[in-house]
Amino acid sequence: MFDSVFVHTESGGIRPELFLLCTAVALMLGFGLAAVHSYKNRTTRNFLLTLALLPMIVQVVIMLVNGNLGTGVAVMGAFSLVRFRSTPGNSREISSIFLAMAIGLAAGMGYLTVACLLFVLAGAVILLMERMSFGGMDREKELKITIPEDLDYNGIFDDLFQRYTRRAVLQRVRTVNMGSLYELQYQIELIDERSEKEFLDQLRCRNGNLTLVCGRAASGREEL
């Protein structure tokens, strides 16, 4: 079951039907990986297309090398140049690229069952973690509250934060409107998304109905 499809082939080369089978499996798994990567994740069409084709490309390269040390070194040098011609990606993009390369490597060596199991297991883990909102990032929001300059902001909203949020951290304070107003920026995590309007209405009563801004926290582009 976990044997390579090339075990019983002659050493002279790879039969065309096996080559087409491995290519079809790698391409199918590549498009499946692209679909998993795009689930609840901001990405571009170009990256998804690259992710879909990468397993097939790696699979073909592995078949062409086929134990030739000189060819393998030349291919490694050629692929290392790609790193310096591309922009850094975030951690999820890098992990998807490595997963695509691992699938292509398994398919190129003929271990089609291993390639399929790797895709199923890794895809299931990714989807499960996204479904469970692992890390709590889906509920994290950025809250900006404008208050008059004569209002002491220390502890003025603490009771509301305790009632409506799991946590609230004051990120920064800055003056606006020629110093006549303060803008407080908080990082908050709501207990219940449905209570957001009620929470904002309570804040409006405290800050004199001045400007409030509440939205998704800007996600930093973490790089590996």
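In this predicted model, Arg174 stands opposite Glu183 in strand 3. Another residue placed across from strand 3 is Val169, whose opposite residue is Gln187. Both pairs belong to a report that starts with the sheet and then turns to the helices.

**The sheet**

Strand 2, residues 165-176, runs antiparallel to strand 3, and ten bridges join the two. Strand 3 also pairs with strand 1, residues 140-148, again in the antiparallel sense, over nine bridges. Within that part of the sheet, Pro148 has Leu181 of strand 3 as its bridge partner. Strand 3 itself spans residues 181-190 and is mostly covered, with nine of its ten residues buried.

The sheet as a whole is open and consists of four strands in the order 2-3-1-4, with antiparallel pairing. Strand 2 and strand 4, the latter covering 212-216, stand at the edges; each has a single partner strand, so one side of each is left without a neighbour in the sheet. On average, and with direction ignored, neighbouring strands of this sheet are turned by 20 degrees against each other. As a general point, strands of a sheet pair through backbone hydrogen bonds, in either a parallel or an antiparallel manner.

**The hairpin between strands 2 and 3**

Four residues lie between strand 2 and strand 3 in their hairpin, and Asn177 takes a positive phi there. Met178 is placed in the loop between strand 2 and strand 3 and has a positive phi as well, although Met178 is not a glycine. The table gives the values for these two residues.

| Residue | Phi | Relative accessible area |
|---|---|---|
| Asn177 | near 55 degrees | 52% |
| Met178 | about 60 degrees | 86% |

Are these loop residues, Asn177 and Met178, buried or exposed? Asn177 counts as exposed because its relative accessibility of 52% is over the 50% cut-off. Met178 is exposed too, with a relative accessible area of 86%.

**Phe157 and its surroundings**

Phe157 lies in the loop that links strand 1 to helix 6, the latter covering 158-164. Its relative accessibility is 1%, so Phe157 counts as buried, the cut-off being under 20%. Apart from neighbours within four places in sequence, the residues in contact with Phe157 are Ile145, Ile147, Leu184, Tyr186, Leu203 and Arg206. Ile145 and Ile147 fall within strand 1, residues 140-148, while Leu184 and Tyr186 fall within strand 3, residues 181-190. Leu203 and Arg206 belong to the range of helix 7, residues 196-206. Phe157 and Gln202 are 45 residues apart in sequence, and their C-alpha atoms are 9.4 Å apart in space.

**Glu196 in helix 7**

Helix 7, residues 196-206, contains Glu196. Glu196 has a relative accessible area of 18% and is therefore buried, since the limit is under 20%. Its side chain makes a polar contact of 2.4 Å with the side chain of Lys141. Not counting residues up to four places away in sequence, Glu196 touches Lys141, Leu190 and Cys214. Of these, Lys141 falls within the range of strand 1, Leu190 within that of strand 3, and Cys214 within that of strand 4.

**Helix 1 against helix 5**

Helix 1, residues 16-38, packs on helix 5, residues 112-131, at an angle of about 5 degrees, and their axes are 11 Å apart. The two helices are therefore roughly parallel to each other. Helix 1 contributes Leu21, Cys22, Val25, Leu29, Gly32, Leu33 and Val36 to the contact, and helix 5 contributes Leu112, Ala115, Cys116, Phe119, Gly123, Ile126 and Leu127. By residue class, the contact of helix 1 with helix 5 comprises twelve nonpolar, two polar and no charged residues.

**The protein as a whole**

The protein has seven helices and four strands. Along the sequence they follow the pattern α-α-α-α-α-β-α-β-β-α-β. The protein has 224 residues, of which 33% count as buried. Of the contacts between residues at least 6 apart in sequence, 73% join residues at least 24 apart.

Conventions:
Residues numbered from 1 in each chain as written. Predicted model: local features only at pLDDT ≥ 70, side-chain atom pairs only at ≥ 80, totals over all residues. Heavy atoms only, no water. Buried < 20%, exposed > 50% of the residue type's maximum accessible area, 1.4 Å probe, protein only. Polar contact = N/O pair within 3.5 Å; in protein donor to acceptor, adjacent residues only side chain to side chain. Contact = heavy atoms within 4.5 Å. Pairing = 2+ DSSP bridges. Axes fitted to C-alpha atoms, helices over the stretch in contact; angles between N-to-C directions. Parallel < 35°, antiparallel > 145°, perpendicular 65-115°, else oblique. Nonpolar A, V, L, I, M, F, W, Y, C, P; charged D, E, K, R; others polar.
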